[in-house]
Amino acid sequence: MKAVKSLSGRSLQWDVRGIHGLERPSRNIKIAPEPLMQAETRARESLEEITDLALEFGRLSMEAGASARHVEDIAERVALGLGAERVDMSIGYCSLAVTISFGHEAITRICKVGPVGVNERLHGALSAAAARIERCEMTVTQARTELTSTLRECSRHADWLITLGVSVACAAFGRLMGIDWRGVGPIFLGAALVQIVRRGLALHNVNPFISAATAAFFGSALCGFGARWVGSPTAATNVIAPVLLLVPGVPLFNAQCDILEGRPSLGSARAVWAAVMLLFMTLGVWLARELLEGAR
Amino acid sequence: MDLLPLLHNTVCGGLAAAGFGVLFNVSFRGLPWCAASGALALALRTIALGAGWRLEAASFVAALLLGIVVQLLPSWIGVSRNALHVVGCIPLIPGGFTAKAILGLFAVTAQRPDTANEVLIAALENLLRALFTIGALGTGLALPIVVLRARSRRISRT
């Protein structure tokens with residue numbers, strides 16, 4: 001540590017930005033001397049705290065569906081804002097690794113990334129919190145409080161509202177695909193069932209691919225039988241519309257962005273995940289169509 | 001150009017984008033912007049298709065223009081540019097083609113040999129259209145981000 005190693009027995013001169021964001025003094029404040037070993041231990045603990053917090057910001061933004069560039073940006077802002085000199089980050093599909101340096105000291109940490117979803121409000125709030133931490137020169141304790149309050153304020157929309165939203169979206173998709181007006185109602189109901197089944201299975205920690213296939217099967221079957229009942233002439237296409245909410249648009253977009261920005265391994269992993277999701281979704285639709293043809 | 005299909009597609013694109021905005025947990029303040037981005041993307045694509053362009057080219061131009069417009073939006077609108085890109089372009093994703101392609105490939109195994117060729121060709125056609133359109137969308141969206149971000153970095157360094 002620069003600051004710690006400049007300790008000359010009588011006083012310690014904090015250089016540039018203080019140290020590690022713990023108690024951040026203004027420039028060139030003289031503080032009481034302390035034994036070298038004790039100061040080094042305290043400094044290392046502080047660097048560990050900064051690393052943990054930066055990694056937590058990175059993990060949460062990754063799980064909220066941010067692209068690699070944004071994950072790196074958020075973690076870097078937090079670490080640099082808390083006093084680190086250098087941040088090096090490696091972003092994988094299932095894990096994040098970060099090395100944070102201050103002077104001659106460096107700490108490397110790895111953490112596991114949970115299931116990746118899409119939560120735009122959380123992503124935006126994390127980004128704003130990271131900017132505040134960078135701008136306001138907070139301490140680690142203040143930054144952690146900021147993270148806690150950000151997580152508390154970022155609730156998800158109510159389940160009924162999400163179900164209504166995706167149902168309307170899929171019905172609109174159906175119209176864009178050329179489905180007649182009579183087929184819109186079954187698509188609306190089918191999409192609602194897809195969302196309800198998917199949410200229910202997610203709450204029971206069912207594998208997302210199995211969940212997608214199951215939800216697609218029930219939604220397509222309901223929509224197919226409904227379209228037949230109302231006499232829709234486009235019944236063959238109708239069964240596809242309610243499952244379009246399962247199309248992994250954000251991972252596909254992030255995959256392409258990651259590849260274009262020089263992260264082909266992460267981009268490929270995201271693309272493969274999206275392709276397998278599409279495959280399982282189609283499996284559900286195919287099973288529903290078999291059921292419909294069998295019941296003809 | 002007939003205005004009724006344009007209006008229909010614009011409204012449907014806006015509804016689809018707003019619905020996905022809710023799914024992606026965009027705040028209520030940001031939902032109108034999501035609807036506007038989806039409506040703009042669909043309007044642009046419909047105009048291009050009406051002018052006789054292919055789906056892939058029309059999707060590319062729609063995504064490119066949407067990307068540029070979103071990059072030029074101010075930051076006070078309450079929703080990130082990244083979210084607007086994705087939500088706006090989701091109605092352009094050829095989910096129907098993709099699903100039809102995979103269903104067609106499944107069906108090849110169940111067909112009699114005399115009709116298998118036709119089913120396979122139809123499935124491949126759908127698959128290629130879906131792949132090219134997704135590629136065009138991604139590239140059209142990513143170009144403004146990469147170019148304008150590089151420009152803003154250069155400006156901030158000077």
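**Exercise 1. State which domains chain A is assigned and describe the side of domain 1 that touches domain 2.**

Solution. The domain assignment splits chain A of this predicted model into domain 1, residues 2–153, and domain 2, residues 159–294. Next, take the contacts: nine residues of domain 1 of chain A are in contact with 10 residues of domain 2 of chain A. Then sort the residues on the domain 1 side, which gives five nonpolar, three polar and one charged.

**Exercise 2. Find the strands that pair with β4(A), and give the sense of each pairing.**

Solution. Start with strand β3 of chain A, residues 86–91, which pairs with β4(A) in the antiparallel sense over six bridges. One bridge to use as a register mark joins Arg86(A) to Ser101(A) in β4(A). The connection between β3(A) and β4(A) is a hairpin with three residues between the strands.

Now take strand β5 of chain A, residues 105–112: β4(A) and β5(A) are also antiparallel, over eight bridges. Here Thr99(A) has Thr108(A) of β5(A) as its bridge partner. Two residues lie between β4(A) and β5(A) in their hairpin, and Gly103(A) in the turn has a positive phi of about 65°.

**Exercise 3. Sort the side chains of β4(A) by the face to which they point.**

Solution. Walk along strand β4 of chain A, residues 95–102, where the side chains alternate. Leu96(A), Val98(A), Ile100(A) and Phe102(A) point to one face and are buried. Ser95(A), Ala97(A), Thr99(A) and Ser101(A) point to the other face and are not buried. Two residues of this second face recur from Exercise 2: Ser101(A) is the bridge partner of Arg86(A), and Thr99(A) that of Thr108(A).

**Exercise 4. Decide whether Asn207(A) counts as buried or exposed.**

Solution. First locate the residue: Asn207(A) is in the loop between α7 (184–203) and α8 (208–230) of chain A. A residue is exposed if 12 or fewer other C-beta atoms lie within 10 Å of its own. Asn207(A) has 11 C-beta neighbours inside 10 Å and therefore counts as exposed. For a distance across the chain, Leu260(A) is 53 residues from Asn207(A) in sequence, and their C-alpha atoms are 30 Å apart.

**Exercise 5. Describe how α1(B) and α2(B) cross and what their contact is made of.**

Solution. Helix α1 of chain B covers residues 3–23 and helix α2 of chain B residues 31–50; their axes come within 7 Å and cross at roughly 145°. The crossing is right-handed. The residues of α1(B) in the contact include Leu6(B), Gly13(B) and Ala17(B), and those of α2(B) include Ala35(B), Leu42(B) and Ile47(B). By class, the contact residues of the two helices are 16 nonpolar, eight polar and no charged.

Notes:
Residues numbered from 1 in each chain as written. Chains lettered and ligands numbered in written order. Predicted model: local features only at pLDDT ≥ 70, side-chain atom pairs only at ≥ 80, totals over all residues. Domains from an automatic or database assignment. Contact = placed C-beta atoms within 7 Å. Nonpolar A, V, L, I, M, F, W, Y, C, P; charged D, E, K, R; others polar. Axes fitted to C-alpha atoms, helices over the stretch in contact; angles between N-to-C directions. Helix = DSSP H or I, 4+ residues; strand = E, 2+ residues; numbered from the N terminus. Left-handed = near helix turned anticlockwise from the far one by under 90°. Buried ≥ 20, exposed ≤ 12 C-beta atoms within 10 Å, placed from the backbone. Pairing = 2+ DSSP bridges.
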